Structures are given as structure tokens and as C-alpha cells.
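I opened this entry to keep a record of what I looked up, going from one pair of helices to the sheet and then to a single residue.

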Amino acid sequence: MKAVILLSGGLDSSTVLYQAMADGCECYALSFDYRQRHQRELQSASAIATRVGAVQHQVVKFDLSQWGGSALTDNSINLPQERSLGEMSQNIPITYVPARNTIFLSFALAWAETLAAERVYIGVNALDYSGYPDCRPDYIQAMEEVFCLGTKQGRLGNPIKIIAPLSELKKTEIIQLGNQLGVPWELTWSCYAGREAACGVCDSCLLRLAAFKELGLVDPLKYEQRR
């Protein structure tokens with residue numbers, strides 16, 4: 001069974017790639033260089049794809065920075081820092097990249113249909129404090145309908161399924177799953193700042209560090225600051 005796995009190199013997407021391998025899939029990893037602030041994540045994506053033994057790992061390049069609209073694609077917008085989990089849950093943050101998952105899933109669908117794949121895996125998480133609109137179950141359900149209606153494969157009765165195994169898991173539960181699957185956390189990258197060491201103060205770092213701490217575990221990544 002062939003599957004395309006969206007792989008950012010982060011904690012969630014790396015766990016999903018390992019889950020796809022555990023599910024018996026022939027894995028084709030797909031990453032994106034969209035001129036994001038944290039391009040450092042692509043090094044981790046490459047390392048994870050190599051470690052897990054993906055059949056192929058492709059990196060698609062395009063430029064979302066020409067439009068901006070997000071702290072991840074416009075360096076003039078400051079990253080949120082030192083926010084509490086409560087503050088993170090109040091509104092959709094400035095780190096939301098407009099239509100990003102729709103763009104990513106469209107590329108994944110094109111490659112999946114070319115491969116005659118049966119699945120596309122994505123590491124969206126509806127319980128994350130970020131509350132991104134394109135990480136929620138109703139969005140994934142709608143995109144599955146697009147996959148069915150917008151492809152030859154779907155119209156011929158063999159639609160490509162979107163698999164989102166982490167959608168209802170807490171960050172601590174994702175780490176526990178990753179531990180069971182053998183995900184090498186030291187190779188992953190979550191920081192939005194994109195420097196050589198993780199900043200430890202952006203929303204993504206804080207969520208990750210809090211989850212490891214809650215489990216009584218030490219995150220093996222190097223951080224500029226640790227809470």
C-alpha cells in the first residue's frame with residue numbers, strides 16, 4: 001500500500017511518518033520549502049525520511065513570502081513569545097499561514113494520484129492550543145471530499161484517503177505514541193525561529209517542552225532557553 005506523508009520534520013509529522021511505516025505503507029515523504037522563517041525544519045525532514053527508510057523524499061519549492069500574512073512567512077512580523085498555554089488558546093495566532101494545509105494537501109494529492117497511492121498522511125492535531133482552522137476534523141473531512149471529486153482515481157471509485165492519526169491526541173499522547181514507534185526526537189525540529197538551536201520561547205517550543213515535562217521526560221533537542 002503506497003502512501004504520501006506530509007513531513008515537516010516536526011514532532012507531529014515525524015510521528016505520522018513512523019505510524020505510516022508501522023501501518024505497512026510504502027512511504028513517500030513530501031516536504032515544502034515555501035520560504036518559511038524556520039527553513040531549518042527541512043534538515044530534520046531529510047534526516048527523519050532517511051532514518052525511517054522512506055522510498056522517496058521530495059521537497060517542493062515555492063514562495064509564500066511574496067504575500068506574507070504570517071509570522072512564519074514575513075520576517076517583519078514578530079513571533080509570539082513567552083505566552084502561556086491559556087493565551088495560545090484564545091485566538092488563531094499570527095503564525096497561521098493562510099491556506100497552507102490546503103496547498104500542501106493539493107501537492108500531496110497530485111503526487112499520490114501519480115503513484116496510484118491509496119493514502120495521504122498528515123499530522124494535523126485539533127487539540128493543539130494553536131487552533132489552526134486547517135487542522136480540524138471538519139476541514140479534513142471536506143478535503144477528503146475534494147480528493148474524491150477532484151481526481152480521476154476518485155471518480156473511478158478508488159478515492160485517496162486522508163489519514164490524520166493524531167487529530168484527537170494531546171501533545172503528551174503524541175509523544176507517547178512516538179516513543180512506542182521509536183521516533184528519534186533528537187532529529188526532529190519544532191521551533192519557529194529557525195536558528196541553530198531551538199529558541200525555547202516561541203509557541204511551538206513551549207508546547208513541545210511542556211508536553212515532555214508533563215511526561216517526566218527530557219526533550220533531547222538543544223534549546224537557547226528551557227522552561
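I began with a pair of helices, keeping in mind that the model is predicted. Lys171, Thr172 and Ile175 of helix H7 meet Leu207, Ala211, Phe212 and Glu214 of helix H8. Sorting the residues of this contact by character, I found four nonpolar, one polar and two charged.

I then looked up how the two helices are placed. Two packed helices are described by the angle between their axes and the distance between those axes. H7 covers residues 171-181 and H8 covers residues 203-214, and they pack at an angle of about 70 degrees with their axes 9 Å apart. Because angles from 65 to 115 degrees count as roughly perpendicular, H7 is roughly perpendicular to H8. I also noted that the crossing of H7 and H8 is right-handed.

Next I turned to the sheet and asked in which order its strands lie. Five strands form an open sheet in the order E3-E2-E1-E4-E5, and the pairing is parallel. Strand E3 (56-61) and strand E5 (161-163) stand at the edges with a single partner strand each, so one side of each has no neighbour in the sheet. From one strand to the next, the twist averages 25 degrees.

Within the sheet I followed one pairing more carefully. Strand E1, residues 2-6, and strand E4, residues 119-121, run parallel and are joined by three bridges. For Val4, I found that the bridge partner in E4 is Val120.

I then looked for helices that lie against these strands. Helix H1 (residues 11-22) lies across E1, strand E2 (26-33) and E4, and runs at about 170 degrees to E1. Helix H5 (residues 137-149) also packs on the sheet, where H5 touches E4 and E5, and the direction of H5 makes about 150 degrees with that of E5.

Last, I picked one residue of H1, Ala20, and asked whether Ala20 counts as buried or exposed. Ala20 has a relative accessibility of 0%, and since buried means under 20%, Ala20 counts as buried. Leaving aside residues up to four places away in sequence, I noted that Ala20 touches Ile5, Cys25, Cys27 and Tyr121. For one of these, Tyr121, I also looked up the spacing: Ala20 and Tyr121 are 101 residues apart along the chain, while their C-alpha atoms are separated by 7.4 Å.

Notes
Residues numbered from 1 in each chain as written. Predicted model: local features only at pLDDT ≥ 70, side-chain atom pairs only at ≥ 80, totals over all residues. Heavy atoms only, no water. Axes fitted to C-alpha atoms, helices over the stretch in contact; angles between N-to-C directions. Helix = DSSP H or I, 4+ residues; strand = E, 2+ residues; numbered from the N terminus. Parallel < 35°, antiparallel > 145°, perpendicular 65-115°, else oblique. Left-handed = near helix turned anticlockwise from the far one by under 90°. Contact = heavy atoms within 4.5 Å. Nonpolar A, V, L, I, M, F, W, Y, C, P; charged D, E, K, R; others polar. Pairing = 2+ DSSP bridges. Buried < 20%, exposed > 50% of the residue type's maximum accessible area, 1.4 Å probe, protein only.
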